[in-house]
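Please walk me through this protein structure, starting from its interior and ending at its loops. I have not seen it before.

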Amino acid sequence: QWYQRRVRGDVALFTLTTDYITNVPAVHWRVNSLTTVQYSESYTGSEHTSTLQWPVTQDIEVEATVHFADVGGYSVRRAVVLAYGVEGITGPEKVHLGDSYNLTCSIATIEEDATITWYRENNQLLPHSRVHYDNKISSVLHLNDVSDSDIGIYMCNAEFSDGKRSSGAFYLTQTSDCKLPMIDNASWTPALK
């Protein structure tokens, strides 16, 4: 079993080469416990090659089982791809003007020193805070007193020491719903009649 780290959006390539005597072996691929038929095979002389390409959108566990008709046995090979990069941005989709909100960018990482940058309409913004935990980074962008100029598309970009980049986008819109007034229950006293 081998491990590999790949940035989200890449395509992972798995190649299995085996020798055979007279009968071409049968190869069965499983990705994250699901059987797949999306692979290619080739053979020359006494060598058989089976290749699987899989998009990296999350961590991937791959298992290839080779059935040898010549000797009546089988062999199992396993590989794991650990995905890194922007997993997504969360926050309110619709906001009330004048209120404050947070957008949070979640990044699976291979290092603590990944460079995180926020943009809105090509303008770089500064994150409010950054927290690193268990191979994850959360970068929080605080939007204070939201105005019309804050409505639009926000981008969170992550750049890693291997030169790979990953990004995510979030569209913030203004709501047309009525805003309910805030009531401070701590200072309310019922009047007796």
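What follows goes from the cores to the aromatic pair, then to the pocket and to some single residues.

The model shown here is predicted. A good place to begin is the largest nonpolar core, which has 22 residues. Leu 103, Ile 107, Trp 118 and Cys 156 are the ones with the most contacts inside this core. Six strands supply at least two residues each: strand 8 (73-90), strand 10 (101-108), strand 11 (115-120), strand 14 (136-143), strand 15 (152-159) and strand 16 (165-174). Among these, strand 10 gives the most, with four residues.

Ile 107 shows what the surroundings of one core residue look like. Leaving aside neighbours within four places in sequence, Ile 107 is in contact with Gly 85, Val 86 and Glu 87, with Ile 116, with Asn 135, Lys 136 and Ile 137, and with Cys 156, Ala 158 and Phe 160. Apart from the largest core there is a second, separate one of 15 residues, which includes Leu 52, Ile 60, Val 66 and Ala 79.

Phe 160 also takes part in an aromatic pair. One such pair is found in a search of the whole structure. Its partners are Tyr 84 and Phe 160, set edge-to-face, with 4.8 Å from centre to centre and 85° between the planes. Tyr 84 belongs to strand 8, whereas Phe 160 sits in the loop between strand 15 and strand 16, so the pair ties together parts that are 76 residues apart in sequence. Both Tyr 84 and Phe 160 are buried.

Strand 8 appears again at the largest pocket, whose volume is about 180 Å³. This pocket is lined by 10 residues, and the closest to its centre are Ser 33, Glu 61, Val 62, Glu 63 and Arg 78. Two elements, strand 7 (60-68) and strand 8, give two or more residues to the lining. By type, the lining is made up of three nonpolar, three polar and four charged residues.

Further along strand 8 is Gly 88. With a relative accessible area of 25%, Gly 88 is partly exposed, because that class lies between 20% and 50%. Gly 88 is in contact with Thr 104, Cys 105 and Ser 106, when neighbours within four places in sequence are left aside. The C-alpha atoms of Gly 88 and Ser 106 are 5.6 Å apart, although 18 residues separate the two along the chain.

Thr 173 is located in strand 16. Its relative accessibility is 18%, so Thr 173 counts as buried under the 20% limit. Not counting residues up to four places away in sequence, Thr 173 touches Glu 93, Lys 94, Val 95 and Ile 151.

The loops come last. Leu 126 is placed in the loop between strand 12 (123-125) and strand 13 (129-133). A relative accessible area of 74% makes Leu 126 exposed. From its C-alpha atom to that of Val 140, 14 residues away along the chain, the separation is 9.4 Å.

Asp 134 is found in the loop between strand 13 and strand 14. Its phi is near 40°, a positive value in a residue other than glycine. Asp 134 counts as exposed, at 71% relative accessibility. Asp 145, in the loop between strand 14 and strand 15, has a positive phi as well, near 50°. At 49% relative accessibility, Asp 145 falls below the 50% limit and therefore counts as partly exposed.

Terms used: Residues are numbered from 1 along each chain as its sequence is written. This is a predicted model: local features need pLDDT of at least 70, side-chain atom pairs count only at pLDDT 80 or more; totals for chains, interfaces and linings use all residues. Side-chain values use heavy atoms; hydrogens and water are left out. A nonpolar core is a set of buried Ala, Val, Leu, Ile, Met, Phe, Trp, Tyr and Cys residues joined through side-chain atoms within 4.5 Å. Buried means under 20% relative accessible area, exposed over 50%, partly exposed in between (1.4 Å probe, protein chains only). Contact means heavy atoms within 4.5 Å. On a 1 Å grid over the protein atoms alone, a cavity is a set of points where a 1.4 Å probe fits but cannot get out, and a pocket is an open set with protein on both sides within 12 Å along at least five of seven lines; lining residues have an atom within 4 Å of a point. Grid points are joined across faces, edges and corners, and a volume is the space filled by probe spheres set on the points. Ala, Val, Leu, Ile, Met, Phe, Trp, Tyr, Cys and Pro count as nonpolar, Asp, Glu, Lys and Arg as charged, and the others, Gly among them, as polar. Rings of Phe, Tyr and Trp (its six-membered ring) pair if their centres lie within 6.5 Å; planes under 30 degrees apart count as stacked, over 60 as edge-to-face and the rest as tilted.
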